Amino acid sequence: SVLYWSSRGSQIMGAKGSKDSAAPALTKSEQKYLADPVPANFTEASQPTETVSNSAAETNKKYEAFRNELLTFSLGESAYDYAERLYKKNPSDPAAMALLAETTTLYDERKNKVQRDHWVDRLDLLQRGIDVSRKCIKENPEFGPCYRTYVMCATRASEALYYYRWMRAVGMLENYQAIAKRAKKGMELCPDDSDIPKSMGALSYRCAYSWYNPYRILGKIYGVPSKKELYAEGITFLKIAAERDPSNLEIACRLGQAYFYSGDFANARRWYCKVRDEMPPRDLTDEKWQTIAHTQLSTGFQKTRWNVPFA
């Protein structure tokens, strides 16, 4: 049986077995999930190749909605378990693969990244998403969502290698070309998606940070562009993402960061001001991007010398 590890999960289990009248009633989605969490038919794997993408994408939206509902209640582990069970029930279905791989990134976003000893679990989780995405790409080379999930998982995993794994400070450089290759194909197959260019934009300008300067020679061996080219690529990717999702504060703030670190302070200020003053947050998590923009505007553009008359 599926266990619910969060406070909401405790309430749900209490609603089933407790006599406490304060326990909340189950929603229709929760009742349906507890009764039969895995559908009998996810998509028809025997469908012709040309119809797999459309059918799988439509079916994916149906089960993605319930997955998102679990995440809304902070049931990250239950959402991941739900996606795993869908995949095990339909191991050759591209929609099930894409849903599981995407869920690993969403679950990872809700994990604790402060404790250093937590990196092992993070990388195991993201590696699961990468492996499933690779399988999907191999079996369905024209199914765009699996390229999307591969890029999302791989960029987060390569960054985790830098921050959480000792003596593996070249995770981003080492995997840059492999990620970029699949990102290019994914952007062709998903012309309206903003997650691929957002992930690649963040990866590009982060690889250009000064902390990678000692590894520039190694970066050339891996085929990573120069520092100047990385900033240019990062800005290009993020501009594409901003065009595809103009109300996304994270994309706009990252674009401001890319301009700032590349030395284009005029455009950096323009995008930071847009995030802080012009773009309303879509949810509570967007407030952190407005905070970053406000901090940068308050401290990043100050003069190094103060013209203060002293008596």
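## Close-ups of an all-helix predicted model

**View 1. Helix α13 has the length you'd hope for.** At 1.5 Å a residue, the 14 residues of α13 (residues 265-278) ought to span 20 Å, and the end C-alpha atoms sit 19 Å apart, which agrees. Keep in mind that this is a predicted model.

**View 2. The buried side of α13.** Four residues of α13 are tucked away here: Ala268, Trp271, Tyr272 and Val275 are buried. Look down the helix axis and the buried residues fall within an arc of 100 degrees, so they line one face of α13. What sits on top of them? The cover over the buried residues of α13 includes α11 (227-244), α12 (249-262) and α14 (287-299).

**View 3. The other side of α13.** Turn to the face pointing away from the buried side and you'll find the exposed residues Ala266, Asp277 and Glu278.

**View 4. Phenylalanine 265, up close.** Phenylalanine 265 belongs to helix α13. Is phenylalanine 265 buried or exposed? Neither, quite: its relative accessible area is 42%, and because that falls between the 20% limit for buried and the 50% limit for exposed, phenylalanine 265 counts as partly exposed. Leaving aside residues up to four places away in sequence, phenylalanine 265 touches Phe260 and Phe301. Glycine 300 is 35 residues away from phenylalanine 265 in sequence, yet their C-alpha atoms are 9.4 Å apart in space.

**View 5. The largest pocket.** There's about 1600 Å³ of space in the largest pocket. Its lining takes in 40 residues, and those closest to the pocket centre are Glu109, Arg156, Lys198, Glu250 and Lys288. Which helices build that lining? At least two residues each come from α3 (49-72), α5 (94-109), α7 (144-164), α9 (195-207), α12 and α14. The biggest contributor is α7, which gives eight residues to the lining. Two of these helices turned up earlier, as α12 and α14 also help cover the buried residues of α13.

**View 6. Stepping back to the whole chain.** The protein chain has 14 helices and zero strands, so to speak a one-note tune: reading from the N terminus, each element is an α. Of the 311 residues in the protein chain, 47% are buried. Take the contacts between residues at least 6 apart in sequence, and 66% of them join residues at least 24 apart. On the outside, the protein chain exposes about 16800 Å², with carbon and sulfur atoms supplying 52% of that area.

Technical notes
Residues numbered from 1 in each chain as written. Predicted model: local features only at pLDDT ≥ 70, side-chain atom pairs only at ≥ 80, totals over all residues. Heavy atoms only, no water. Expected span 1.5 Å × (residues − 1). Buried < 20%, exposed > 50% of the residue type's maximum accessible area, 1.4 Å probe, protein only. Arc of directions from axis to C-beta. Contact = heavy atoms within 4.5 Å. Areas by Shrake-Rupley, 256 points an atom, 1.4 Å probe, with all protein chains shown as cover. 1 Å grid on protein atoms, 1.4 Å probe; cavity = no way out; pocket = protein on both sides within 12 Å on 5 of 7 lines; lining within 4 Å. Points joined across faces, edges and corners; volume = space filled by probe spheres on them.
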